[in-house]
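Q: Please take a close look at a single loop of this structure, and then explain in one connected account how the elements on either side of that loop are placed within the chain.

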Amino acid sequence: MLVDSHCHLGDRAFDEDRAEVVSRAWQAGLGRILVIGESRGATDIAFTLAENDPRISVAVGLHPHEASQWTPDVAAWLRTLAPRPAMVALGEIGLDYHYDHSPREQQWRAFDDQLALATELQLPAVIHAREADDDIAAMLRNHPDATVVMHSFSSGMELWRTAIELDHYISFSGMVTFRNWTLQDAVRNTPIDRLLVETDAPYLAPVPRRGKRNEPAYVRHVADQVAVLRGVTPEEIITRTGANASRLFGWPSLLTSPIVDYP
């Protein structure tokens with residue numbers, strides 16, 4: 001089952017043709033899509049999509065850019081969402097020291113609290129990590145019972161090793177197709193039962209779509225490049241990453257159309 005394990009279909013970039021984007025994903029052979037609710041508005045759209053199609057699931061969390069808004073009320077809101085069947089993960093959460101849109105102390109507090117909440121709710125956490133490798137690694141070690149996905153992994157190999165040692169999942173996006181990609185060893189050496197693929201749409205469109213709006217249908221380009229780097233067939237990557245995502249997010253098997261040529 002080909003899946004997109006991380007995208008932002010609630011983003012305004014899809015306001016004009018969201019239904020068509022979803023339709024193209026199914027036509028491209030996808031069996032599941034995980035939509036990230038990075039804001040309340042995006043969360044509402046994500047749950048509406050999920051209510052209309054059981055192949056769509058939702059993750060909700062406070063992004064590190066918004067960490068200054070973290071309060072007990074936000075935590076309570078996340079608790080009210082957790083029982084909904086479509087919600088299968090908490091995220092994306094983490095640390096971003098590149099933009100520092102929120103003070104680092106507040107990012108740390110929001111990340112710490114949300115990892116604890118994900119553990120309590122028995123939900124996997126989707127991690128955003130940018131230029132904060134040491135602090136991300138320390139936080140993961142502080143929460144040994146959490147299960148996390150290192151989303152759109154592009155960090156250093158030390159953080160990769162920490163995540164692997166803690167038995168977490170590593171997800172790769174369209175960046176693996178970029179000419180300046182340098183983390184081939186991370187792609188090659190991630191244990192096959194901890195490997196995921198994603199688009200992060202509308203961002204990070206893979207070659208040959210680079211520079212344009214990304215969408216879930218293009219995840220096949222990611223799977224193809226991961227297969228090249230690992231020296232296996234695309235079908236093996238599709239099968240194994242689909243099984244990994246299904247196990248992680250509690251997705252039952254769904255009958256899907258055969259894998260087809262992608263746009």
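**The loop between S8 and H8 and its surroundings**

A: Pro-208 lies in the loop between S8 and H8. The model is a predicted one, and the description below concerns that model. The peptide bond that leads from Val-207 into Pro-208 is cis, with an omega near 15°. Pro-202 is also found in the loop between S8 and H8. A cis peptide bond links Pro-202 to Ala-201, and its omega is about 15°. A further residue to examine is Asp-200, whose place is likewise in the loop between S8 and H8. Asp-200 is not a glycine, and yet its phi is positive, at about 60°. The loop between S8 and H8 thus holds Asp-200, Pro-202 and Pro-208.

To place this loop, one may turn to the chain as a whole. The protein chain contains nine helices and eight strands. Its C-alpha atoms fill a box of roughly 45 × 40 × 35 Å along the principal axes. For 263 residues, a compact globule would have a radius of gyration near 18 Å, and the 17 Å of the protein chain agrees with this.

The strand on one side of the loop belongs to a sheet. Eight strands make up this open sheet, and they follow one another in the order S1-S2-S3-S4-S5-S6-S7-S8, with parallel pairing. S8, with residues 195-197, is an edge strand, as is S1, with residues 2-7; each of these pairs on one side only. From one strand to the next, the twist averages 25°. Within the sheet, strand S3 (residues 56-60) pairs with strand S4 (residues 87-96) in the parallel sense, over three bridges. Val-60 has Leu-90 of S4 as its bridge partner.

Helices pack on this sheet. One of them is H6, with residues 157-165, which touches strand S5 (125-130), strand S6 (148-150) and strand S7 (169-172). The direction of H6 makes about 135° with that of S7. H8, the helix on the other side of the loop, also packs on the sheet and touches S1, strand S2 (30-37), S7 and S8. The direction of H8 makes about 145° with that of S8. The loop therefore joins a strand and a helix that touch each other, since S8 is among the strands that H8 touches.

H8 has a helix as a partner too. H8 (residues 219-230) packs with H9 (residues 234-249) at an angle of about 110°, and their axes are 8 Å apart. At that angle, H8 and H9 are therefore roughly perpendicular to each other. The crossing in which H8 passes H9 is right-handed. On the side of H8, the contact is made by Arg-220, Ala-223, Asp-224, Val-226, Ala-227 and Arg-230, and on the side of H9 by Pro-234, Glu-235, Ile-237 and Ile-238. By class, six residues of this contact are nonpolar, none is polar and four are charged.

Helix pairs elsewhere in the chain complete the picture. H4 (residues 104-121) and H5 (residues 133-142) pack at about 30°, with 10 Å between their axes. H4 is therefore roughly parallel to H5. H4 and H5 cross in the right-handed sense. Their contact involves Trp-108, Phe-111, Asp-112 and Leu-115 of H4, together with Asp-135, Ile-136, Ala-138, Met-139, Leu-140 and Asn-142 of H5. The contact of H4 with H5 has seven nonpolar residues, one polar residue and two charged residues.

H4 also crosses H3 (residues 72-81) at roughly 25°, and the axes of H3 and H4 come within 11 Å. H3 is therefore roughly parallel to H4. H3 passes H4 in a right-handed crossing. In this pair, Ala-75, Leu-78 and Arg-79 of H3 meet Gln-114, Leu-117 and Glu-120 of H4. The residues of the contact of H3 with H4 are three nonpolar, one polar and two charged.

Conventions:
Residues numbered from 1 in each chain as written. Predicted model: local features only at pLDDT ≥ 70, side-chain atom pairs only at ≥ 80, totals over all residues. Heavy atoms only, no water. Axes fitted to C-alpha atoms, helices over the stretch in contact; angles between N-to-C directions. Helix = DSSP H or I, 4+ residues; strand = E, 2+ residues; numbered from the N terminus. Parallel < 35°, antiparallel > 145°, perpendicular 65-115°, else oblique. Left-handed = near helix turned anticlockwise from the far one by under 90°. Contact = heavy atoms within 4.5 Å. Nonpolar A, V, L, I, M, F, W, Y, C, P; charged D, E, K, R; others polar. Pairing = 2+ DSSP bridges. Rg over C-alpha atoms; globule rule 2.2 N^0.38 Å.
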